[in-house]
Amino acid sequence: MAARSGPNPEALLALSVMVAQGWRGCDGDEDRALELEKQAAAMGHPRALCKLGDRYARGDVVEEDHTEAIRWWRRAAEAGDVGAMTNLIDLRESLDPREAAEGEHWLK
């Protein structure tokens with residue numbers, strides 16, 4: 001069996017949660033957690049992509065930006081993340097009902 005080279009995106013995402021919450025008595029570090037999420041997202045990890053969209057939608061460690069949230073959620077949805085699909089449906093319909101067609105696409 002060949003050894004895997006480079007970081008594992010699932011492990012990076014799990015580490016981001018530990019870092020954000022403060023692991024083993026350490027203070028939480030949301031900025032570092034964000035960087036770990038971005039690394040996992042750069043590898044195409046669906047949940048990491050969705051979490052970045054969530055951050056932009058809420059303005060969590062980043063400036064609130066619904067356009068950026070949609071961009072990340074769309075990438076996550078295309079990678080199969082059901083939560084991102086749901087977020088796109090909800091956000092698209094709340095921002096512009098004319099764009100509900102994309103929401104219909106993800107419902108199907």
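Helices here are DSSP runs of type H or I with at least four residues, numbered from the N terminus. In this predicted model, helix α3 (46-58) and the loop that follows, leading to α4 (66-78), make a good place to begin.

Helix α3 has 13 residues, and its first and last C-alpha atoms lie 19 Å apart, close to the 18 Å expected at 1.5 Å a residue. The helix is mostly covered, with 10 of its 13 residues buried. These buried residues are Ala48, Leu49, Cys50, Lys51, Leu52, Gly53, Asp54, Arg55, Tyr56 and Ala57, a list in which charged side chains such as Lys51, Asp54 and Arg55 also appear.

Just after α3, Gly59 adopts a positive phi of about 70°. Val61, in the loop between α3 and α4, also has a positive phi, of about 75°, although it is not a glycine. Val61 counts as partly exposed because its relative accessibility is 32%, which falls between the 20% and 50% limits for buried and exposed residues.

Turning to the interior, the largest nonpolar core comprises 25 residues, and Ala41, Ala69, Trp72, Trp73 and Ala84 have the most contacts inside it. At least two residues of this core come from each of α1 (9-21), α2 (30-42), α3, α4 and α5 (82-95). In soluble globular proteins, nonpolar side chains tend to be buried together. Ala69, one of the residues with the most contacts inside the core, offers a helpful close-up: leaving aside neighbours within four places in sequence, Ala69 is in contact with Gly53, Tyr56, Ala57 and Leu91. Of these partners, Gly53, Tyr56 and Ala57 are among the buried residues of α3.

Conventions
Residues are numbered from 1 along each chain as its sequence is written. This is a predicted model: local features need pLDDT of at least 70, side-chain atom pairs count only at pLDDT 80 or more; totals for chains, interfaces and linings use all residues. Side-chain values use heavy atoms; hydrogens and water are left out. Buried means under 20% relative accessible area, exposed over 50%, partly exposed in between (1.4 Å probe, protein chains only). A nonpolar core is a set of buried Ala, Val, Leu, Ile, Met, Phe, Trp, Tyr and Cys residues joined through side-chain atoms within 4.5 Å. Contact means heavy atoms within 4.5 Å. The expected span of a helix is 1.5 Å times one less than its number of residues.
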